[in-house]
Amino acid sequence: MGELLNIAVVGHTNTGKTSLLRTLTRDAQFGEVSDSPGTTRQVQGARLQLEGRAVLSWFDTPGMEDSIALLEYIDALCAGRRLDGPDRIRLFLDTPEARRRFEQEARVLGKMLECDAALYVIDARDPVLAKHRDELALLAACGKPLLPILNFVHAKEHRAAQWREAMARLGLHALLEFDTVAPPLDGEAQLYERLAVLLDRHAEVLNSLARALVQARRERRRAAARLIGELLVDMAALRLSCDTDEASVAQATERLRDLARRREQACVEALLALYNFRPEDYAQAPLPLAGERWGMDLFHPQALKDAGVDVGFGMAAGAMAGATVDLLLAGISLGTAALIGAAAGGMWQGVERYGKRLGGKLRGRRELTVDDAVLRLLALRQRSLVEALERRGHAAREPLRLGDSDKDPWREAGLPAEIKEARSQPAWCGMTPDYQDSPRRAHVVERLAQRLD
């Protein structure tokens, strides 16, 4: 693949250079990010590997703060001398001012001379000013390929069109819009493809990185779908048995809900880890059992309503969300059925549907399972989380916002055959002592994951 490729990330102070590298390295801990200017004071590096071998080094550099004065100083320093751009920069780096007044700029320009290319990060919300033009003149003098990156292009007040025109005037026609907080899904691949055009000697490794990123994204999505599939199979197979008195049903109902919440939390944590995010990225959308509940509680009737989940004919809106599918009440009286329903947190609307199983002498025990509507809600929440993680840059500092899709098929009544099969296999539930792994369960999880993906 050739020698190690070195690329500097440069630009004015506080334009998102460190944020860009957090997103490119998928490391929310890289460097230090702050709204205060000049947060990065030293050059910091990170390496990317391909097939177990380091192929590219990124270098985060301090922000340039006084380019106008520096360009005037270099012009005066080089007056009467016929020097090309890199020699002008080297002459400046040998002066005492490079270690005093222009120390920050000297670090940037020194690293530029050492690297193969640079990304020039632009805050697209800023107006194009003389200081930016002088920065570009100084960077161009280093004689290395430069790819402008327009950051914060999702902001309403961005000036991307003005920046594109300004770059074209300076001969920089290849530039990329890459919002570090919400990068496009193919943004990283595009970046490496653009660099491959500028650095044809390194095109093979850069194009390989682009392809590897696309493949890694596909594999993450498949892994995420399998995690959600495991969650849904566990929840569909979950079945608790209890006596039919009010206190027993209420106790079993609460245990069912607690198991469901904990299982959803485990899935959320696994999805966060898969995408290399942290639990604290949920400042206002926390995990189900950590601090405030994630959004609305899984079993709150408003959660179903807000998600647009149809609860079907057999259940009153907001009643028994999550504990009422399998009655197995052969012989119980109508009054007792109503009492049990109230104890579990809702009221029955299923007398006509289940009438043949009510009346006469009480026989057997009560079995509780998670309702179809709650299973659909679980699928919707996890799918929404995956979509949000797909579009979230590792530089994001605001709480994660979950999207919404009116066309998601999991909103509709009815569940796929895989869920129905899991309902009849309580041994498939990984939350119970009777759990039994089996090739058939693995097959059902994989089929369900394909539907989810």
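Leaving aside its neighbours within four places in sequence, with which residues is Glu188 in contact? In the predicted model, Glu188 is in contact with Thr23, Leu24, Arg26, Phe178 and Leu213 once those neighbours are set aside. Glu188 itself is placed in helix 7, which covers residues 187–198. The residue is buried and yet has no salt bridge, the nearest side chain of opposite charge being that of Arg26, at 4.1 Å. Because a salt bridge requires a side-chain nitrogen of Lys or Arg within 4 Å of a carboxyl oxygen of Asp or Glu, the separation of 4.1 Å between Glu188 and Arg26 does not qualify.

Arg26 also draws attention through its backbone. Arg26 lies in the loop between helix 1 (17–25) and strand 2 (44–50), and its phi is positive, at about 55 degrees, although Arg26 is not a glycine. Most residues other than glycine have a negative phi. A further positive value occurs at Glu51, where phi is near 55 degrees in a residue other than glycine. Glu51 belongs to the loop between strand 2 and strand 3 (53–60), and with a relative accessible area of 75% this residue is exposed.

The protein chain as a whole contains 15 helices and 8 strands. Of its 453 residues, 51% count as buried, while the chain exposes about 21000 Å², of which carbon and sulfur atoms supply 48%. Among contacts between residues at least 6 apart in sequence, 75% join residues at least 24 apart. One pairing of residues separated in sequence is that of Asp87 and Ala141, which are 54 residues apart along the chain and 8.7 Å apart in space, C-alpha to C-alpha. Asp87 is found in helix 3 (residues 85–93) and counts as partly exposed, because its relative accessibility is 35%.

Confidence varies along the model. The protein chain averages a pLDDT of 78, and 75% of the residues score at least 70. Over residues 283–296, however, pLDDT stays under 50, and for this stretch the model has 36 contacts beyond four places in sequence. The pLDDT is likewise below 50 over residues 312–363, a stretch that has 100 contacts in the model beyond near neighbours in sequence.

The largest nonpolar core comprises 40 residues, of which Leu232, Leu271, Leu375 and Trp410 touch the most other members. At least two residues of this core are supplied by each of helix 8 (203–237), helix 9 (246–274), helix 13 (372–390), helix 14 (417–423) and helix 15 (439–452), and the largest share, 9 residues, comes from helix 8. When residues up to four places away in sequence are not counted, Trp410 touches Leu232, Arg376, Ala379, Leu380, Arg383, Leu415, Pro416, Leu448 and Leu452. A second, separate core of 38 residues includes Val108, Leu113, Ala118 and Leu139.

In contrast to the unpaired Glu188, other charged side chains do form salt bridges, of which the structure holds 26. Glu387 forms one with Arg221, the closest N and O atoms being 3.0 Å apart. Glu387 lies in helix 13 and Arg221 in helix 8, so this pair ties together parts of the chain that are 166 residues apart in sequence. Glu387 counts as partly exposed, at 30% relative accessibility. Glu367 and Arg239 form another salt bridge, with the closest N and O atoms 3.5 Å apart. This pair links distant parts of the chain, since Glu367 is in strand 8 (residues 366–369) and Arg239 in strand 7 (residues 239–242), 128 residues apart. Arg239 is partly exposed, with a relative accessible area of 27%.

The side chains of Asp372 and Arg423 likewise meet in a salt bridge, at 2.6 Å from N to O. Asp372 lies in helix 13 and Arg423 in helix 14, so parts of the chain 51 residues apart in sequence are tied together by the pair. The two partners fall into separate accessibility classes: Asp372 counts as partly exposed at 30% relative accessibility, whereas Arg423 is buried, with a relative accessible area of 12%. Beyond individual pairs, salt bridges that share partners join Arg217, Arg221, Glu387, Glu390, Arg391 and Asp453 into one network.

Key: Residues numbered from 1 in each chain as written. Predicted model: local features only at pLDDT ≥ 70, side-chain atom pairs only at ≥ 80, totals over all residues. Heavy atoms only, no water. Helix = DSSP H or I, 4+ residues; strand = E, 2+ residues; numbered from the N terminus. Buried < 20%, exposed > 50% of the residue type's maximum accessible area, 1.4 Å probe, protein only. Lys, Arg positive; Asp, Glu negative; His and termini not counted. Contact = heavy atoms within 4.5 Å. pLDDT = per-residue confidence, 0-100. Core = buried A, V, L, I, M, F, W, Y, C linked by side-chain atoms within 4.5 Å. Areas by Shrake-Rupley, 256 points an atom, 1.4 Å probe, with all protein chains shown as cover.
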